Amino acid sequence: AYFGSPFNLDMDTLIITCDGAGDGLCATVSIANGFNINRLAATSRKASLGKIYSRVTYMLGLKPWEHEYKVMGLAPYAEKTYAIEIKKILDKLLTLDEDGLTFTLGTELETSYIYDYLREAFECKRFDAIAGGVQMFTEELLKKWVESIIKETGITRVVFGGGVFMNVKANKIISEIDQIEEFFVFPSCGDESLSLGAAWFEYAEMIKKNESIKPLQPLKNLYLGGACSENNFENTFLKKLSENKEISINKSQNISFDLAKILSLNHVVARCSGKMEWGARALGNRSILANPKDWSNVEKINSKIKKRDFWMPFAPSILREKASQYLINPKDYFSPYMMLAFDTTDLAQKEIGAAIHPRDKTARAQIVDKTMNFDYWQLINQFYKLTGTPCILNTSFNLHGYPLVYNLEDAINVFMNSGLNYLVIEEFIIKKNNSNNYL
């Protein structure tokens, strides 16, 4: 989180981590300056906020360590009164210690062993109230913790890592703390990002010994994977694919315009282009895209392709130049990795309703900068020119329960085994012939 942040490493920075557990811990507080990181406090894994959330996820019949995002998505549907009842039950399990820097158990139960307690305490409680209560509990405890750390240290530049900070609604609450001036959550900050941290940390140690080597570089973008297509795919893979009479393939002379046109006509399109994005978020290169203005597209995607839980929202990809018209973002945070939720403007709720949460009207937005992914930015810009809306609906390109597609074979497999009618691979548009299509 620290070495990958966009901040210059020339002033004190708070590093706050929170996760389920690792190396006997579940939360840490550190101060960094330059290449030096000094830990102030750490919480034992016995008092884990992340484990409480995972146990609630499990109790709701979902997969712990995987489906916590579904609980977060369900939470806004809860009536506040009932959610508060659940929160009060959870408040007994974990509190902030007197030092303000660590968590402490509120009972004799370690957070790994609270399942029976939850079953008994939550019996006859509504499922949405439970989701709302654990989300409220998480948000309030994290906010109180971060405020206490800032008060103790006086440092207002903060970076965050660890799986608990995949919770974009909690991140929203934290980002709104008045004292925070600079804020960064490392993208896909669960265990999957440890490899990146290890590389940065080791390189920093090398620089300490030899300052003449190339300076450490922060994260520039997340398009770190392999390309969708091989060098000869047009003459091999696509030639073989064209033998399938169920589909047709057209090479576009202006793929940004043609794809934007298809989207403007309310067709749902899968896009597999350029280098694959790393991590848990689809950021345009392995994405299913749709017109965010039309609510019918939510049903199309869910019924024909994704089979997502009905309460789960999709996300908007918005041009950076126009983001302020749709996102309420008084501190002007740049959020290119979908790690932060925003309240939305009246214009957003009117124009891009299919890409925001239908209950609380927040958006887990991807703010798209042309220097990070020009082709994707250009597509959204073309859509803006055609429709007046500088935003498209974005969700991951995969079948429900499966990983994000990686290469041509993956993309074709999902295309042929779903209700998708359009697939874009680089500058090629593949369509099913039995559908009412644009081309």
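**Questions on a predicted model**

Modeller: In this predicted model, N302 has its place in helix α10, which covers residues 296-306.

Colleague: Is N302 buried or exposed, and at what relative accessible area?

Modeller: The cut-off for a buried residue is a relative accessible area under 20%. N302 falls on the buried side of that limit, because its relative accessible area is 12%.

Colleague: Which residues does N302 touch, not counting residues up to four places away in sequence?

Modeller: The residues up to four places away in sequence are set aside for this count. What N302 then touches is K307, R308 and F314.

Colleague: How compact is the chain, given its radius of gyration?

Modeller: The chain holds 13 helices and 18 strands. Its radius of gyration is 23 Å, and the globule rule gives 22 Å for 439 residues. These two values are close, so the chain is as compact as a globular protein of that length.

Colleague: What does the C-alpha trace span along its principal axes, and what percentage of the residues count as buried?

Modeller: Along the principal axes, the C-alpha trace of the chain spans about 70 × 65 × 40 Å. Among the 439 residues, the share that counts as buried is 54%.

Colleague: Among contacts between residues at least 6 apart in sequence, what percentage join residues at least 24 apart?

Modeller: Contact here means heavy atoms within 4.5 Å. Of the contacts in the chain between residues at least 6 apart in sequence, the share joining residues at least 24 apart is 68%.

Colleague: Which residues of the largest nonpolar core touch the most other members?

Modeller: In soluble globular proteins, nonpolar side chains tend to be buried together. Here the largest nonpolar core has 91 residues, and its largest share, 11 residues, comes from α5. The members that touch the most others are W145 and F165.

Colleague: With which residues is W145 in contact, leaving aside its neighbours within four places in sequence?

Modeller: Once the neighbours within four places are left aside, the contacts of W145 include I16, T17 and C18, as well as A27, T28 and V29. Further along the sequence, W145 is in contact with L96, G100, L101, T102, F103 and F165.

Colleague: How many residues does the second, separate core have?

Modeller: The second core is separate, and its members include C272, F314, A355 and L399. F314 is also one of the residues that N302 touches. The size of this second core is 30 residues.

Colleague: Why are the buried residues of α3 on the same side of the helix, and what does that side pack against?

Modeller: Helix α3, residues 80-91, reaches 16 Å from its first C-alpha to its last. Its buried residues are A83, I86, K87, I89 and L90. They cover an arc of only 155° around the axis, which puts them on the same side of α3, whereas T81 and K88 are exposed on the other side. The buried residues of α3 pack against α1, β4, α4 and α5.

Colleague: Why is helix α6 largely enclosed, and which elements do its buried residues pack against?

Modeller: In α6, residues 168-175, 7 of the 8 residues are buried, so the helix is largely enclosed by the rest of the structure. Among these buried residues are V168, K169 and I174. The elements they pack against are α2, α5, β6, β7, β13 and β14.

Colleague: Which residue in β14 stands opposite F342?

Modeller: Three strands form an open antiparallel sheet in the order β12-β13-β14, with β12 and β14 as the edge strands. Strand β13, residues 342-344, pairs with β14 over 2 bridges. Opposite F342 in β14 stands A363.

Colleague: S188 and K361 each have a positive phi although neither is a glycine; is each buried or partly exposed?

Modeller: Most residues other than glycine have a negative phi. S188, in the loop between β7 and α7, has a phi of about 50°, and K361, in the loop between α11 and β14, has a phi of about 65°. At 2% relative accessibility S188 counts as buried, while at 32% K361 counts as partly exposed.

Colleague: How far apart in space are K350 and P316, C-alpha to C-alpha?

Modeller: K350 has its place in helix α11 and counts as exposed at 73% relative accessibility. K350 and P316 are 34 residues apart in sequence, and their C-alpha to C-alpha distance is 14 Å.

Conventions
Residues are numbered from 1 along each chain as its sequence is written. This is a predicted model: local features need pLDDT of at least 70, side-chain atom pairs count only at pLDDT 80 or more; totals for chains, interfaces and linings use all residues. Side-chain values use heavy atoms; hydrogens and water are left out. Helices (H or I, at least four residues) and strands (E, at least two) are DSSP runs, numbered from the N terminus. The expected span of a helix is 1.5 Å times one less than its number of residues. Buried means under 20% relative accessible area, exposed over 50%, partly exposed in between (1.4 Å probe, protein chains only). The arc is that of the directions from the helix axis to the C-beta atoms. Two strands pair if DSSP finds at least two bridges between them. A nonpolar core is a set of buried Ala, Val, Leu, Ile, Met, Phe, Trp, Tyr and Cys residues joined through side-chain atoms within 4.5 Å. The radius of gyration is taken over C-alpha atoms; the globule rule is 2.2 Å times the number of residues to the power 0.38.
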